[in-house]
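Here are some short exercises to work through with the model open in your viewer. Try each task yourself, then check the steps below it.

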Amino acid sequence: MRVVSGLTWLLGCQLVGEVVVHALDAPVPGPVVGMVVLLLVLLVRRPPEGSSVHQAADALLPHLQLLFVPAGV
């Protein structure tokens, strides 16, 4: 259940990035802005090592190459 909470944080930051890019009509991809937002959130909150965001990231990292297949094709 904690992984779902972590994924919610990750997708929420991506959504915020998409909204900011569309609102400002910026030439930067929304997920990149979302990563910057996530970085700022993590720097401010300083979650502990076993937090839900860490667990979600650890679950996604082994499958990261699959996320780049559509962009590569």
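**Exercise 1. A leucine and its surroundings**

Is leucine 15 buried or exposed? Work it out, then place the residue in the chain and relate it to histidine 63.

Solution. One thing to keep in mind throughout: this is a predicted model.
- Step 1: find the residue. Leucine 15 is in helix α1.
- Step 2: check its relative accessible area, which is 56% for leucine 15. Exposed means over 50%, so leucine 15 is exposed.
- Step 3: compare sequence and space. Leucine 15 and histidine 63 are 48 residues apart in sequence, and their C-alpha atoms are 21 Å apart.

**Exercise 2. The overall build**

Describe the chain as a whole: what secondary structure does it have, and how many helices and strands are there?

Solution.
- Step 1: count the elements. You should get five helices and zero strands, and reading along the sequence gives α-α-α-α-α.
- Step 2: take the dimensions. The C-alpha trace spans about 35 × 35 × 20 Å along its principal axes.
- Step 3: look at burial. Of the 73 residues in the chain, 16% are buried.
- Step 4: look at the surface. About 5,500 Å² is exposed, and 73% of that comes from carbon and sulfur atoms.
- Step 5: look at the contacts. Take those between residues at least 6 apart in sequence: 54% of them join residues at least 24 apart.

**Exercise 3. The buried side of α3**

Which residues of α3 are buried, and what do they pack against? Use serine 52 as your worked case.

Solution.
- Step 1: list the buried residues of α3. They are Ser52, Val53 and Ala56.
- Step 2: see how they are arranged around the axis. The three cover an arc of only 100°, so they sit on the same side of α3.
- Step 3: find the packing partners. The buried residues of α3 pack against α1 and α2.
- Step 4: zoom in on serine 52, which lies in α3. Its relative accessibility is 13%, so serine 52 counts as buried.
- Step 5: list what serine 52 touches. Leaving out residues up to four places away in sequence, you get Arg2, Ser5 and Gly6.
- Step 6: add a distance. Serine 52 and tryptophan 9 are 43 residues apart in sequence, yet 8.8 Å separates their C-alpha atoms.

**Exercise 4. The largest pocket**

What is the volume of the largest pocket, and which helices supply its lining?

Solution.
- Step 1: get the volume, which is about 690 Å³ for the largest pocket.
- Step 2: look at the lining. There are 19 lining residues, and those closest to the centre of the pocket are Leu10, Met35, Leu38, Leu60 and Leu64.
- Step 3: assign the lining to helices. At least two residues each come from α1 (2-24), α2 (30-45), α3 (52-60) and α4 (64-67).
- Step 4: sort by class. The pocket lining has 16 nonpolar residues, three polar and no charged.

**Exercise 5. The cavity**

How many cavities of 30 Å³ or more are there, and what lines the largest cavity?

Solution.
- Step 1: count them. There is one cavity of 30 Å³ or more.
- Step 2: get the space inside, which is about 40 Å³ for the largest cavity.
- Step 3: list the lining. You should find Trp9, Leu38, Val41, Leu42, Arg45, Pro47 and Val53.
- Step 4: find the main contributor. With four residues, α2 gives the most to the cavity lining.
- Step 5: sort by class. The cavity lining has six nonpolar residues, no polar and one charged.

**Exercise 6. Two backbone oddities**

Where are aspartate 25 and arginine 46, and what is the phi of each?

Solution.
- Step 1: recall the background. Most residues other than glycine have a negative phi.
- Step 2: take aspartate 25. Its phi is positive, about 50°, although aspartate 25 is not a glycine.
- Step 3: place aspartate 25 in the loop between α1 and α2. Its relative accessibility is 68%, so aspartate 25 counts as exposed.
- Step 4: take arginine 46. Its phi is near 50°, again a positive value in a residue other than glycine.
- Step 5: place arginine 46 in the loop between α2 and α3. At 62% relative accessibility, arginine 46 is classed as exposed.

How values were computed
Residues are numbered from 1 along each chain as its sequence is written. This is a predicted model: local features need pLDDT of at least 70, side-chain atom pairs count only at pLDDT 80 or more; totals for chains, interfaces and linings use all residues. Side-chain values use heavy atoms; hydrogens and water are left out. On a 1 Å grid over the protein atoms alone, a cavity is a set of points where a 1.4 Å probe fits but cannot get out, and a pocket is an open set with protein on both sides within 12 Å along at least five of seven lines; lining residues have an atom within 4 Å of a point. Grid points are joined across faces, edges and corners, and a volume is the space filled by probe spheres set on the points. Ala, Val, Leu, Ile, Met, Phe, Trp, Tyr, Cys and Pro count as nonpolar, Asp, Glu, Lys and Arg as charged, and the others, Gly among them, as polar. Buried means under 20% relative accessible area, exposed over 50%, partly exposed in between (1.4 Å probe, protein chains only). Contact means heavy atoms within 4.5 Å. Accessible areas come from the Shrake-Rupley method with a 1.4 Å probe; for residues, only the protein chains shown count as cover. The arc is that of the directions from the helix axis to the C-beta atoms.
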